[in-house]
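Biologist: Before we talk, could you put the sequence and the structure in front of us, so that we can go through a few questions slowly?

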Amino acid sequence: MRAQSSATTATPIAVTGPRREHTGVGTLQAALGVIAFSLTFPATAWGLEGFGPWTLVAVRGVLAALIAGGCLLVLHVPLPERRHWAALAVVASGVVLGFPLLTTLALETSTTAHAAVVVGLLPLTTALLSALRMGTRPSCTFWTAALAGAAAVLAFTVRQSGGALTAADGFLFAALLVCAAGYTEGGRLARVMPGWQVIGWALVLCLPLTVPAAALALSYEPVRLTGHAVAGLLWVAAGSQFLGLVVWYRGMASIGIPRASQLQLAQPLLTLVWSVLLLGEHLTAAAPLTAAAVLVCIAVTQRSRS
């Protein structure tokens, strides 16, 4: 493969706000990403029924990389420029390796409701890292709505888990930080290359680690192939790890990282709905009230000006 074309070289990484005509499409793309991500924890729980945690994470990375690498080869996509590889390494470390591994380890002892605390805090953490990394200055209204939405989601998810902290919390909070870093760098890169190429190259970059890790994990951890386990593995590999991130990064590039990240305030509630439908977990009466509060916060953040 050849180095990235000069057309890409001439396009700088922009930090200005999104153009108005792209806002609607970008919001839809980011929302589709959130829907895909909301299925990640239930699918991971399914996957853990038949695979060990290390096997599940490594194999999903390999499968997703094969899908992404196949697309890159078929379309003859040139290699990214050398100046972008550092950012791709951050995306790979946070989104491809760190978040899946840490959350999968947490879900061995934590319910999906408790793990939803992570995605409840992720929008605010992503917005903060974006402000530090890219020099954005969201308005006071934006921050007020973001903090209110995060507080509502946290209160709901903590109540769902009984309010008790577990040993898995360390994994969850670490996952929160590395994923926010990956989202921020991925959103920046998606301004100079298509979003699917960002996650595609990040997945391919991890192959030297995920292939031997998968072989080693499969040799040590038992595998029990069930319908749930296979379906969970396929979703986290193709849906969460690749397709969801494709539309998510495109959405972030279009409407801006802070605004796109606030759409994730709805993700914990969607995850809890899937948990009821797919895992049989109990959903309390607080869900509709929290959903209404979150939707109001999302509307405010989408309308506020950076």
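Biologist: In helix 8 (residues 169–189), by about how much of the helix are Glu185 and Arg188 separated?

Modeller: I should say at the start that this is a predicted model. In it, the side chains of Glu185 and Arg188 meet in a salt bridge, at 3.1 Å from N to O. Because these two residues of helix 8 are three residues apart, the separation between Glu185 and Arg188 is about one helical turn.

Biologist: And are Glu185 and Arg188 buried or exposed?

Modeller: The cut-off that matters here is that a residue with under 20% relative accessible area is called buried. Glu185, which shares a salt bridge with Arg188, falls in that class, and Arg188 does too, so the word for both residues is buried.

Biologist: How many salt bridges does a search of the whole structure find?

Modeller: One of them is the pair Glu185 and Arg188 that we have just discussed, and in another the side chains of Arg83 and Glu81 meet at 3.0 Å, again from N to O. For the whole structure, the search gives a count of two.

Biologist: In the pair formed by Arg83 and Glu81, which class of accessibility does Arg83 belong to?

Modeller: Its partner Glu81 has a relative accessibility of 12%, so Glu81 counts as buried. For Arg83 the value is 46%, and since partly exposed covers what lies between under 20% and over 50%, Arg83 counts as partly exposed.

Biologist: Turning to the packing of helices, what word describes how helix 4 lies relative to helix 11?

Modeller: Helix 4 (residues 53–74) packs against helix 11 (residues 227–255) with the axes 9 Å apart and an angle of about 55° between them. Since that angle is neither under 35 degrees nor in the range from 65 to 115, helix 4 is, relative to helix 11, oblique.

Biologist: How many charged residues are in the contact of helix 4 with helix 11?

Modeller: On the side of helix 4 the contact includes Leu56, Arg60 and Ile67, and on the side of helix 11 it includes Leu233, Gln241 and Phe242. When the residues of this contact are divided by type, twelve are nonpolar and two are polar, while the number of charged residues is one.

Biologist: Helix 5 (residues 85–107) also crosses helix 11; which residues of helix 11 does helix 5 meet?

Modeller: The axes of helix 5 and helix 11 come within 13 Å and cross at roughly 135°, and the crossing is right-handed. Helix 5 contributes Val91, Val95, Val96 and Pro100 to the contact, and the residues they meet in helix 11 are Gln241, Leu245 and Tyr249.

Technical notes
Residues are numbered from 1 along each chain as its sequence is written. This is a predicted model: local features need pLDDT of at least 70, side-chain atom pairs count only at pLDDT 80 or more; totals for chains, interfaces and linings use all residues. Side-chain values use heavy atoms; hydrogens and water are left out. Axes are lines fitted to C-alpha atoms, for helices over the stretch in contact, and angles run from 0 to 180 degrees between N-to-C directions. Helices (H or I, at least four residues) and strands (E, at least two) are DSSP runs, numbered from the N terminus. Angles under 35 degrees count as roughly parallel, over 145 as roughly antiparallel, 65 to 115 as roughly perpendicular and the rest as oblique. Contact means heavy atoms within 4.5 Å. Ala, Val, Leu, Ile, Met, Phe, Trp, Tyr, Cys and Pro count as nonpolar, Asp, Glu, Lys and Arg as charged, and the others, Gly among them, as polar. A salt bridge is a side-chain nitrogen of Lys or Arg within 4 Å of a carboxyl oxygen of Asp or Glu. Buried means under 20% relative accessible area, exposed over 50%, partly exposed in between (1.4 Å probe, protein chains only). A crossing is left-handed if the near helix is turned anticlockwise from the far one by less than a right angle, and right-handed if clockwise.
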